[in-house]
Amino acid sequence: MKIRKAEATDLPFIIEAIIESEKSGGDIFPYSAALGVSISRFSQILMDVFDEEINDQPWCLEHWYIAESPDGSAAAVLSSWEEGKGGVSSDMLKAQTLNFFLKNEWEESQDNLKVLSSVTIARKTQYMQLEHLYTHPSHRGKGYMKNLINGVINTFRKSNFEIQVLESNKNAVSLYEYIGFSVNERQCNEDIERLSLLSGSCKLQLLKNHG
Amino acid sequence: MDRDQITQELQPIFAKVFRNPDIVITDTLNAEQVSGWDSLTHLSMIADVESHYGVKFKLKELIGMKNVGDMIDLILAKKGAS
């Protein structure tokens, strides 16, 4: 299995990864649920965001890694960046970007956004973040994601690592714990499930510290 | 319009958005130092500042703001420093 940095030709697979990983194993796409935008429109906005080349947040091509299958196709993908490297949190950068491209929807969705923010866990500054971990359905069960995560960890072997995931995505949580991550913080709000904003009401922060 | 004037004008905006009447505005003030300064309140504050000064920040300008001083620099550049 080959691990490589993503290229512009990988963007369709990356957009698919963002959409599917945001669903976190469920049916709800949070940005459609909270902001009322269709998946197709959100996909176009993601392309526009990638065009802006905004570092230190997940939607930047520079931060993406691909695990290739033997036939050279992209099997698994993730985004990894150092949190807060430029002095601003990735959550702030993402919010500013979304607000810029979806200003009306953002302003009309304040109630939903406040509910979602209730389970926001501040990412740890200087930790390498792993986000939007996604394996193509035809390549699941073959160890691509485990090898991709370990490959990225080896690339930044002196760093600490963080993953945030919905607790309801039990397969993902099990994999991360198997690799050596452990739960550091848990935030829940039952209104999130009641309002169908996410596929689960609890968010986990998992950490894997160097050494 | 100068830096001190903008600093004074930002105080009531920040006090309202971050619900802290005693907040002290300095160039180095940033989100890590203010309780309640998260992505939602940040965007409310930006909207209020844009409205107050009649300016519009570009995306590159927004993501480049590391602290209040950066924002004051941008306001001065857009309004013209005296």
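The following paragraphs describe the interface of chain A and chain B, the disulfide of chain A, and the residue A:T97.

The structure is a predicted model, in which local features need pLDDT of at least 70 and side-chain atom pairs count only at pLDDT 80 or more, while totals for chains, interfaces and linings use all residues. Residues are numbered from 1 along each chain as its sequence is written, chains are lettered from A and ligands numbered from 1 in the order in which they are written, and side-chain values use heavy atoms, with hydrogens and water left out.

At the interface, 20 residues of chain A are in contact with 18 residues of chain B, contact being taken as heavy atoms within 4.5 Å. The two chains bury about 1,500 Å² between them, with 69% of this on carbon and sulfur atoms; buried area is the accessible area (1.4 Å probe) that two parts lose on being put together, summed over both. Within chain A, the residues that lose the most area to chain B are A:M92, A:Q96 and A:F100, which together account for 37% of what that side buries. The elements that give two or more residues to this side of chain A are α4 (90–101), α5 (103–108) and α6 (110–117), and α4(A) supplies the largest share, nine residues. Helices here are DSSP runs (H or I, at least four residues) and strands likewise (E, at least two), numbered from the N terminus.

No salt bridges are counted between chain A and chain B, a salt bridge being a side-chain nitrogen of Lys or Arg within 4 Å of a carboxyl oxygen of Asp or Glu.

Helix α4 of chain A also holds A:T97, which is buried, with a relative accessible area of 1%, where buried means under 20% relative accessible area, exposed over 50%, and partly exposed in between (1.4 Å probe, protein chains only). Residues up to four places away in sequence being left out, A:T97 touches A:V49 and A:I54 as well as B:L59 and B:I63.

Over all chains, the structure holds one disulfide, defined as a pair of cysteine sulfur atoms within 2.5 Å. The bond is formed by A:C188 and A:C202, whose sulfur atoms lie 2.0 Å apart, and it links strand β6 (residues 182–188) of chain A, which holds A:C188, to strand β7 (residues 202–208) of chain A, which holds A:C202, the two cysteines being 14 residues apart. The link of A:C188 and A:C202 is right-handed, with 115° about the S-S bond. A:C188 is partly exposed at 33% relative accessibility, whereas A:C202 is buried, with a relative accessible area of 10%.
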